[in-house]
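Okay, thanks for coming, everyone. I'll put the sequence and the fold up on the screen, and then we'll walk through the sheet and what packs on it.

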Amino acid sequence: MDGLRGVNIYLVGMMGAGKTTVGRILARKLKYRFFDTDELIVRVANQSIAEIFDREGEEAFRELETKVLGELSAYKNSVVATGGGIVTRSMNWGYLHYGVVVWLDVPVDQLYERLRSDTTRPLLREGEIKSKLQSLVNQRERFYTQADVRVCAGMGERAEEVATRAIEEIQKVIKPETGPDLN
């Protein structure tokens, strides 16, 4: 994928969509570095995301998330897996648009299967998990649709297959280096 010319790839989508898993595969295939904003936030804050939410609240977490994303946007040759809510802040889109934004779109039923026994997700602690996931999808979908590329993951599809399709879709949106754009 020479057409990328070092441009970063940002993976967005709901928690449980596979951004970290697919992101690691993409980075390996593209010979890019891999970063996960949630992992970096945990390192910077020296506490878990759940602890940040409990002690400082969601807004403090979102501030850290924006700071980390801003720092990552200065890099090149990187695949970045983002937190599910990163798209809700308009400031973050300023950073995301420095690269190619890929939305990993996974059906709520599949997200539920992946997350139903996960007790580490602060936004899923209260209420019925499946309805909470649906509510979050409803709130965020209009932001996710702003991505450059949408990759819909099918039930039972392996991360390797999703990554391969993501590369195919990215190739459709990058402009080739040769020749003028006549559109």
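So, to start: in which sense do β1 and β4 pair, and over how many bridges? They pair in the parallel sense, and there are four bridges. Keep in mind that this is a predicted model.

Now zoom out a bit. The sheet is an open one with five strands, ordered β2-β3-β1-β4-β5, and the pairing is parallel. β2, residues 33-36, and β5 are at the edges with a single partner strand each, so each has one side without a neighbour in the sheet. On average, neighbouring strands here are turned by 20° against each other, direction ignored.

Back to β4. On the β1 side, you can read off the register: Y10 has V101 as its bridge partner in β4, and L11 has V102. On the other side, β4 and β5 also pair in the parallel sense, over four bridges. V102 turns up again there, with V149 as its bridge partner in β5.

How much of β4 is covered? Six of its six residues are buried. In a regular strand, side chains alternate between the two faces of the sheet. That's what you see here: V100, V102 and L104 point one way, V101, W103 and D105 point the other way, and all are buried. Yes, that includes the aspartate, D105.

Next, the helix I wanted to show you, α8. This one runs over residues 159-173, so 15 residues, and spans 21 Å from first C-alpha to last, close to the 21 Å expected at 1.5 Å a residue. Its buried residues are V162, A163, A166, I167 and I170. Why do they end up on the same side of α8? Because they cover an arc of only 145° around the axis.

And what do those buried residues pack against? β1 (9-12), β4 (100-105) and β5 (149-152), plus helix α1, residues 19-30. So α8 packs on the sheet, touching β1, β4 and β5, and its direction makes about 155° with that of β5.

One last stop, away from α8: T66, which is in helix α4, residues 58-72. Is T66 buried or exposed? Its relative accessibility is 5%, and the cut-off for buried is under 20%, so T66 counts as buried. Leaving aside neighbours within four places in sequence, T66 is in contact with R89, M91, N92 and Y95.

That's it from me; happy to rotate the view if anyone wants another look.

Terms used. Residues numbered from 1 in each chain as written. Predicted model: local features only at pLDDT ≥ 70, side-chain atom pairs only at ≥ 80, totals over all residues. Heavy atoms only, no water. Helix = DSSP H or I, 4+ residues; strand = E, 2+ residues; numbered from the N terminus. Expected span 1.5 Å × (residues − 1). Buried < 20%, exposed > 50% of the residue type's maximum accessible area, 1.4 Å probe, protein only. Arc of directions from axis to C-beta. Contact = heavy atoms within 4.5 Å. Pairing = 2+ DSSP bridges. Axes fitted to C-alpha atoms, helices over the stretch in contact; angles between N-to-C directions.
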